[in-house]
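Let's take a walk through this one together. Have the sequence and the coordinates open, and we'll go from the whole chain down to single side chains.

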Amino acid sequence: LAVLETLVARAAQPAAAALLASSLARLRDVAPRATAVALLRVNGPARLGVAAAAQADAWGVHPAAAAAATDASVLEDVQSSSRAGGGEGKDAETEWETSRSRVAAQAAVLSLLSSVLEDGGAALGAGALTASPLIDLLFELLWRSETRHLALKSLVALITGHCVQTGSSGSRGSRAADDAWDALVRRFLQTLPAAREVAAGRGASDVTKGQGFGPLSDILAGLRAALAGPGGSALRARLASPAGADGSPAYVQVVSLLNAERGVATAEGEAAALECVRTLRSLLSGSETAARAFGRDVGYETFAHALEAAWGAEPVSEALARSVLELAVDADLPTTADASASGGVPPGAAIRNAGALPVLLTLLRRAALPVRLWGLGALADLLENSVRSRAAADQSDALGFLLDWFAEEATAAARVAAGGQSVSGTSAETTETRDPDAVLELLSRCIGRCASHSLSARHFRGAF
């Protein structure tokens, strides 16, 4: 396309770039198939990336341009406010006009680039994977708050587009495209430790300073969007493969986010822990292969220790316990107005990730009474309503854990009856904040259901 060639050559000329990018966008609207074929022949995404990178090098990235790339109404509002706030005279008018034209040109190119990557299909995306300037630009935009949304959509489109292209047959694409995809995913995952440092207030650059938890939350949300979108199953399988993205670093990177120095029991710390659990659930959802890979690379025991160490001595929150239960059942649970209300498990729900059950029980044992009652009530319902849940409990040896917990609670109940103080649960709990009888009743229900499925001699001896 002569239009595209001219756009690349004149990317730093605002009036020309805006006109040419808008013309290409209209061509895509009028003749999408023909334009896509033409862009494919000349590796359009890579060339658009060169144009966008040239503008960024020459002018930087204007916040208004980034916003206008996804919302055209922003451009007019920002331009009007800029002119109203500017000075008077010929120099001020010229400066405003230059700024306006650059914003319009950059917005047009970024909007066109984003739409081509998102809507262009796997074939166009395959060419973009090997375009280093484009990939570098997207990762640069990822760290800017005003362009992060655009960069994430484009990166997710590149990641999932390759999986859509190769996932239906289970085969891999060309060697170059596969290597480029592995490098892209590896680089995307490597942004997580850097985002964790930004959230902790360490290692922030001038671009990321003051962004706090935003980059980490958005990047994890982007990973979940990739796993939930077209090609998500193929992406999940590729990440679970020992050869995928350098040996499945996704599980290691996500769980490692819990290794922050600051305690999780803070507003941003708890949010980070919840994002970690939700992302892990997306990585494992519906895939026995992924579950085995997680056991190979990390394991639920390591995950439980990381959560406990990160949370510290504070009682486990209802939100964290709920997110781990959702990980165990691989389903969303309704949020009750009162966390102490037991049950609330939707019909048909069952424990699908057996390894997550000991993690849940460990957290519930450290939770406050209302959360403990809610969690044990939900677990009792799951065990009563589903053979699969009872089989998962047997697989994870939940009965042994429950028997130990029951013995501890029985001792606590005896001390309460004698007027003493409980030492079970968190160190801050006293007889006024405990209800051993209610906990014992729910534990008995869970133990009974587990034992009805399988009761070994060891568990029989432990019960007495």
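What follows starts with the overall picture and then moves to a few local spots.

First, a word on what you're looking at: this is a predicted model. The mean pLDDT of the chain is 81, with 80% of the residues at 70 or more. Two stretches deserve some care. Over residues 422-432 the pLDDT stays under 50, and the model has 26 contacts there beyond four places in sequence. Residues 457-461 also stay under 50, and for them the model has 6 contacts beyond four places in sequence.

Now the fold as a whole. Count the secondary structure and you get 25 helices and 0 strands. The chain has 464 residues, and 51% of them count as buried. If you take the contacts between residues at least 6 apart in sequence, 75% join residues at least 24 apart. As for the outside, the accessible surface comes to about 20300 Å², and carbon and sulfur atoms account for 52% of that.

Let's zoom in on the aromatic rings. How many aromatic pairs are there? The count comes to 3. One of them is Tyr 251 with Phe 294, an edge-to-face pair with 5.9 Å from centre to centre and 75° between the planes. This pair links distant parts of the chain: Tyr 251 sits in helix H15 (residues 249-256) and Phe 294 in helix H17 (residues 288-297), 43 residues apart. Are these two rings buried or exposed? Both Tyr 251 and Phe 294 are buried. Phe 294 also pairs with Phe 303, again edge-to-face, at 6.4 Å centre to centre and with 80° between the planes. Phe 303 is buried along with Phe 294. Step back a little and you'll see one aromatic cluster, made up of Tyr 251, Phe 294, Tyr 300 and Phe 303.

Rings have charged company in this model too. Look at Trp 181: Arg 238 lies over its face, 4.2 Å from the ring centre. Elsewhere, the charged end of Arg 365 sits over the ring of Phe 401, at 5.2 Å from the centre.

Arg 238 is a handy way into helix H14 (residues 232-240). That helix is mostly covered, with 7 of its 9 residues buried. The buried set is Gly 232, Ala 234, Leu 235, Arg 236, Arg 238, Leu 239 and Ala 240, so two arginines are in there, Arg 236 and Arg 238.

Follow Arg 236 and you arrive at Ser 282, which is in contact with Arg 224, Leu 227 and Arg 236 once its neighbours within four places in sequence are left aside. Ser 282 belongs to helix H16 (residues 267-284). Why does Ser 282 count as buried? Its relative accessible area is 17%, and the cut-off for buried is under 20%.

The last stop is Asp 178, in helix H11 (residues 175-189). Asp 178 counts as buried because its relative accessibility is 4%. You can also place Asp 178 against Cys 163: the two are 15 residues apart along the chain, and their C-alpha atoms are separated by 9.9 Å.

Technical notes:
Residues numbered from 1 in each chain as written. Heavy atoms only, no water. Phe/Tyr/Trp six-rings, centres within 6.5 Å; stacked < 30°, edge-to-face > 60°. Helix = DSSP H or I, 4+ residues; strand = E, 2+ residues; numbered from the N terminus. Buried < 20%, exposed > 50% of the residue type's maximum accessible area, 1.4 Å probe, protein only. Lys NZ or Arg CZ within 6 Å of the ring centre and 35° of its normal. pLDDT = per-residue confidence, 0-100. Contact = heavy atoms within 4.5 Å. Areas by Shrake-Rupley, 256 points an atom, 1.4 Å probe, with all protein chains shown as cover.
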